[in-house]
Amino acid sequence: MLYRRYLAAAIASVMMLTGMLTSAPAEARDYLQCVPFARAESGVEIRGNAKTWWSQAAGTYERGEEPRQGAVMAFAGTGGMPLGHVAVVKKILSDREILIDHANWSPINGRRGQIERNVRVVDVSNAGDWSMVRVWYAPIGDLGLRANPVQGFIYAGGAPNKAPSFKAPVWAQNDWKPGNGLEVVVASLGN
């Protein structure tokens, strides 16, 4: 009888641990990803890796090569960025420069998954068609050294969000430090 209880408890523990480990990929659990951030900020309801957003948007959302306020900028997957990237256009500065909001681009204070707002992006494509861009990279305090291919812009249809709709959990906010204690992390789980 006692053996069965221990066995049942062990099986339940293994099942719970397996469920926790397989419920989300390790990368998605460790820090804020660009996809949920862009979805919350833009209203574009697409799921999956950022590199698939462009093709998934076909037939559901208007797509194009022109940046518009509130549109999702869909980056192609590359060797250095295999899952692609998505960001939300916040402001058009000129025909070759915009500001975006995005998450998980620059590690800030050594931490990934940071939200960055009003980030400078410059079109460096030869044709001026936004197919290749350089993005501000916080660790070097300048535009990134590599040019990044862009698939295009996905337009949500309707007015862009006027105020940020995504509130990061406490542990993902820029002022959180690892020494804040377990109570801070536990409190953030309710967000």
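**A walk from strand β8 to a salt-bridge network**

Gly64 stands opposite Phe153 in β8. That is a handy place to start in this predicted model, since the pairing belongs to strand β1, residues 62-64, which runs antiparallel to β8 over three bridges.

Let's stay with β8 and look at its other partners. β2 is joined to β8 by four bridges, and the two strands run antiparallel. Here you can find Phe75 opposite Val150 of β8. β6 pairs with β8 as well, again in the antiparallel sense, over two bridges. In that pairing, Val133 has Asn148 of β8 as its bridge partner.

How much of β8 is covered? Six of its eight residues are buried, which leaves the strand mostly covered.

From here, turn to the nonpolar interior. The largest nonpolar core holds 17 residues, and Met73 and Phe75 touch the most other members. Phe75 is already familiar as the residue opposite Val150. Two or more residues of this core come from each of β2 (72-75), β3 (85-94), β4 (97-103), β5 (115-123), β6 (132-137) and β8 (148-155). Among these elements, β8 gives the most, with three residues. A second core is separate from this one and has 15 residues, including Val44, Ile46, Trp54 and Tyr61.

Now for the charged side chains. Nine salt bridges turn up in a search of the whole structure, and a few of them are worth following step by step. Begin with Glu41 and Arg117, whose closest N and O atoms are 3.3 Å apart. Glu41 sits in helix α3 (residues 34-42) and Arg117 in strand β5, so this contact links distant parts of the chain, 76 residues apart. Are these two partners buried or exposed? Glu41 has a relative accessibility of 1% and therefore counts as buried, because the cut-off for buried is under 20%. Arg117, at 32%, is partly exposed.

Arg117 has another partner: its side chain meets that of Asp101 in a salt bridge at 2.9 Å, N to O. Because Arg117 lies in strand β5 and Asp101 in strand β4, this pair ties together parts that are 16 residues apart in sequence. Asp101 counts as buried, with 3% relative accessibility.

Asp101 also forms a salt bridge with Lys90, at 3.9 Å from N to O. This pair links strand β4, home of Asp101, with strand β3, where Lys90 lies, 11 residues apart. Both residues are buried.

Put the steps together, and the shared partners join Glu41, Lys90, Asp101 and Arg117 into one salt-bridge network.

Key:
Residues are numbered from 1 along each chain as its sequence is written. This is a predicted model: local features need pLDDT of at least 70, side-chain atom pairs count only at pLDDT 80 or more; totals for chains, interfaces and linings use all residues. Side-chain values use heavy atoms; hydrogens and water are left out. A nonpolar core is a set of buried Ala, Val, Leu, Ile, Met, Phe, Trp, Tyr and Cys residues joined through side-chain atoms within 4.5 Å. Buried means under 20% relative accessible area, exposed over 50%, partly exposed in between (1.4 Å probe, protein chains only). Two strands pair if DSSP finds at least two bridges between them. A salt bridge is a side-chain nitrogen of Lys or Arg within 4 Å of a carboxyl oxygen of Asp or Glu.
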